[in-house]
Amino acid sequence: MPGKTYKESGSLYLVCGDEELAIKERSVSIFGQWKDQFPEYEEELIDAAAGNAGEAERAIGKLLEAMQTMPLFGTGKRIWFHNCNFLGEERTSSVQIVIESLAKVIKEFQQMDPLKVLIIISAGKVDKRKSFYKKFQKLGQVEVLRAWDASKSDWIPEAEKRIDEVFAENGATIHPETRAALIESVGPNARQLMQEAEKLALYTTDSGQASPEDVQQVVSRNKQAKAFALGDAVGNRNLSAAMRYLGEELWEMKLDRKRSALGLLYGLISKIRTLIMVKEMQRKGWLRMERQFFRFKQQLEKVPESAMPADPKFNPLKLNPYVLFRALPQSSNYATNELVSAMQILYEANMKLISSSLDDGQVLQQSIVSIITENPA
């Protein structure tokens, strides 16, 4: 039996979660470190993506074969079992032949010399209730990488850092305002954000620096960013634009079951809440109208954190600064009492969507019209 375990030697990894790009980057990093540390080891990459139980069984078979077949000259192996998609709640993962095959992998781990065989498994979401995960956790290292959460702002600094790296790799630079516009357009989707950043960097190679106008020309807006357009139209108090964007959203709802009228409503609530926060920050003298984004950020940096609410949902400093920057001029389109009235209108719309049989589109349309056209005393 080997003197060291996989756990002690750090030579068995499961990198998993719902953040595909981060999982790939982390796996590449671990595999690269092993390559530097053990350059003489034989390298084997196994694609573990499977569409059914048969394909999963064959992929596991290749892993077992790689583990059991050592190089002729007695060195060692580096094995990367990547794109594994049958460790979660998928139907394939519950097929008996797959369960039995994964049990054989665990048994093989227990019998092998961890100093001779280095293994990394990169996968999507895993089911922590299943035997494979529980036993693997005792044998090796498990890293679960989460996707960026749109309801929080802690992903924004990481997004900014990655965008800067993409531009540097392409010999270009990006203005902070442009970078913020790119983040707002794509949202917390790391893979798409990097793709759009590279596209934007290549587009601006001649000029050397991307502009917010370039973002509008080049970047593909995702579903979340498209929903922002409706909020912006309400913020701009532009009824015709708001009705156009609402119509587009309602049409897409018919094609995508994951989208809902409540989702649109909550986006509008978030927009009105942001306008109220910006207006209050102006009243306190923390913000003033500013056309230059970097100067606006300088204002934000001086806002006392201690004066902000503990709940991140109500803390403007936890939002993407560009969202606040966009809301700043829009806040002048409404009086404070109008924004308070708008929140009441949206609250009533929420109750109607939940408990009445009224048409969802009609409820949203009436609410938006009331917000934009009414002028409460």
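1. A quick word on terms before we start: helices (H or I, at least four residues) and strands (E, at least two) are DSSP runs, numbered from the N terminus. By that reckoning the chain has 16 helices and 7 strands.

2. Please keep in mind that this is a predicted model, in which local features need pLDDT of at least 70 and side-chain atom pairs count only at pLDDT 80 or more, while totals for chains, interfaces and linings use all residues. Residues are numbered from 1 along each chain as its sequence is written, and side-chain values use heavy atoms, with hydrogens and water left out.

3. On to the overall dimensions: along the principal axes, the C-alpha atoms of the chain fill a box of roughly 85 × 50 × 40 Å. Of the 377 residues, 46% are buried (buried means under 20% relative accessible area, exposed over 50%, partly exposed in between, with a 1.4 Å probe and protein chains only). Taking contacts (heavy atoms within 4.5 Å) with a separation of 6 or more, 75% come from residues 24 or more positions apart.

4. The sheet deserves your attention. Its 5 strands form an open sheet in the order 2-3-4-1-5, with parallel pairing (two strands pair if DSSP finds at least two bridges between them). Strand 2 (42-47) and strand 5 (141-145) stand at the edges with a single partner strand each, so one side of each has no neighbour in the sheet. On average, neighbouring strands are turned by 10 degrees against each other, direction ignored; axes here are lines fitted to C-alpha atoms, for helices over the stretch in contact, and angles run from 0 to 180 degrees between N-to-C directions.

5. Within that sheet, strand 1 (residues 12-17) pairs with strand 4 (residues 117-123) in the parallel sense over 4 bridges. L12 stands opposite I119 in strand 4. Helix 3 (residues 53-68) lies across strand 2, strand 3 (77-84) and strand 4, and runs at about 170 degrees to strand 3.

6. How many residues of helix 14 (residues 321-330) are buried? The count is 7 of 10, so this helix is largely enclosed by the rest of the structure. The buried residues are P321, Y322, L324, F325, A327, L328 and Q330.

7. One last residue to look at is Q195, in helix 8 (residues 190-203). Q195 counts as partly exposed because its relative accessibility is 45%. From I174, Q195 is 21 residues away in sequence and 15 Å away in space, C-alpha to C-alpha.
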